[in-house]
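Student: I keep meeting labels such as "buried" and "perpendicular". Can we go through where they come from?

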Amino acid sequence: MSIKLLLADDQALVRGALAALLDLESDLDVVAEVGRGDEVVAAALEHRPDVALLDVEMPGLDGIAATAELRKHVPSCRVMIVTTFGRPGYLRRAIDAGADGFVVKDTPARQLADAVRRVHMGLRVVDPTLATETLTEGISPLTAREHEVLRAAAAGGTAARLAAALHLSEGTVRNHLSAAIGKTGTTTRAEAVRVAEERGWL
């Protein structure tokens, strides 16, 4: 009985390569491929995969949000994040969203196939280097509001524009930005955004 897989990655070349590699395994069968995060649930409902392999950064819905939706709508499907971006904060957020595995794309094909089998069996599979980094720096110190303000700041704009977009006062926006700058150990909001993104907190 083969393990049915759903692949979600916005890069067609990467998705095709992953599908080709996994299809070489006699017990693995790629039954669906999508290029957007907001197509994951519909494809899973149609094809009923055993394991979904999701990239983090995709249009429509990122892989972490798609993981949460998949857990809600197709709870029988196990989820493994397969990403280029091995950021500690991503791992923490993915596990919190219900992911069963988290590996980086340069994992050798044999190891990836083995990780899929282990996730299918109900085990949790996490890239060991990333797991160590996550224990030391993966938990975001940002509050939900600081996260929201910093994410909005990533797109640019004045404090007044951020305040209007978030329905907050300018003073409140400045306070949250100042707190986020302090927590990231930076001196400007642009640096705070960069550090938070590098650590997978945003």
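The talk below takes labels one by one and sets values against cut-offs.

Tutor: Keep in mind that this is a predicted model. Ask away.

Student: Why is Asp100 called buried?

Tutor: Its relative accessible area is 6%. Buried means under 20%. The value 6% meets that cut-off, so Asp100 is buried.

Student: Where does Asp100 lie, and what does Asp100 touch?

Tutor: Asp100 is in the loop between helix H4 (88–97) and strand E5 (101–104). Leaving out residues up to four places away in sequence, Asp100 touches Arg71, Arg78, Val79, Val119, Leu123, Arg124 and Val125.

Student: What makes His167 exposed?

Tutor: Exposed means over 50%. His167 has a relative accessible area of 71%, so His167 is exposed. It sits in the loop between helix H8 (159–166) and H9. Its phi is near 60°, a positive value in a residue other than glycine.

Student: And why is Arg48 called partly exposed?

Tutor: Its relative accessibility is 45%. Partly exposed covers what falls between under 20% and over 50%. The value 45% falls there, so Arg48 is partly exposed. Arg48 lies in the loop between helix H2 (40–47) and strand E3 (51–54). Phi of Arg48 is positive too, near 50°.

Student: How do you know which label Pro108 gets?

Tutor: Use the cut-offs of 20% and 50% again. Pro108 has a relative accessible area of 44%, so Pro108 is partly exposed. Pro108 lies in the loop between E5 and H5. Its C-alpha atom is separated by 11 Å from that of Leu18, although the two are 90 residues apart along the chain.

Student: Now the helices. Why are H7 and H9 called roughly perpendicular?

Tutor: The axes of H7 (residues 144–154) and H9 (residues 170–184) cross at roughly 95°. Angles of 65 to 115 degrees count as roughly perpendicular. The angle fits, so H7 and H9 are roughly perpendicular to each other. The axes come within 9 Å.

Student: Which residues meet there?

Tutor: H7 gives Arg145, Glu146, Val149, Leu150 and Ala153. H9 gives Val173, His176, Leu177, Ala179, Ala180 and Lys183. By class, this contact has 7 nonpolar, 1 polar and 3 charged residues.

Student: What makes H7 and H10 roughly perpendicular?

Tutor: The axes of H7 and H10 (residues 189–198) cross at roughly 105° and come within 9 Å. Roughly perpendicular runs from 65 to 115 degrees, so the label holds for H7 and H10. Leu150, Ala153 and Ala154 in H7 meet Arg189, Ala192, Val193, Ala196 and Glu197 in H10. That contact has 6 nonpolar, no polar and 2 charged residues.

Student: What lines the largest cavity, and why is that space called a cavity?

Tutor: A cavity is a space where a 1.4 Å probe fits but cannot get out, which is why the name is used. The largest cavity holds about 30 Å³. Ala8, Asp9, Leu18, Leu53, Leu54, Asp55, Val82 and Lys105 line the largest cavity. They divide into 5 nonpolar, no polar and 3 charged.

Student: And what volume has the largest pocket?

Tutor: About 170 Å³. The largest share of its lining, 4 residues, comes from H5. The lining divides into 6 nonpolar, 2 polar and 4 charged residues.

Definitions and conventions
Residues numbered from 1 in each chain as written. Predicted model: local features only at pLDDT ≥ 70, side-chain atom pairs only at ≥ 80, totals over all residues. Heavy atoms only, no water. 1 Å grid on protein atoms, 1.4 Å probe; cavity = no way out; pocket = protein on both sides within 12 Å on 5 of 7 lines; lining within 4 Å. Points joined across faces, edges and corners; volume = space filled by probe spheres on them. Nonpolar A, V, L, I, M, F, W, Y, C, P; charged D, E, K, R; others polar. Helix = DSSP H or I, 4+ residues; strand = E, 2+ residues; numbered from the N terminus. Buried < 20%, exposed > 50% of the residue type's maximum accessible area, 1.4 Å probe, protein only. Contact = heavy atoms within 4.5 Å. Axes fitted to C-alpha atoms, helices over the stretch in contact; angles between N-to-C directions. Parallel < 35°, antiparallel > 145°, perpendicular 65-115°, else oblique.
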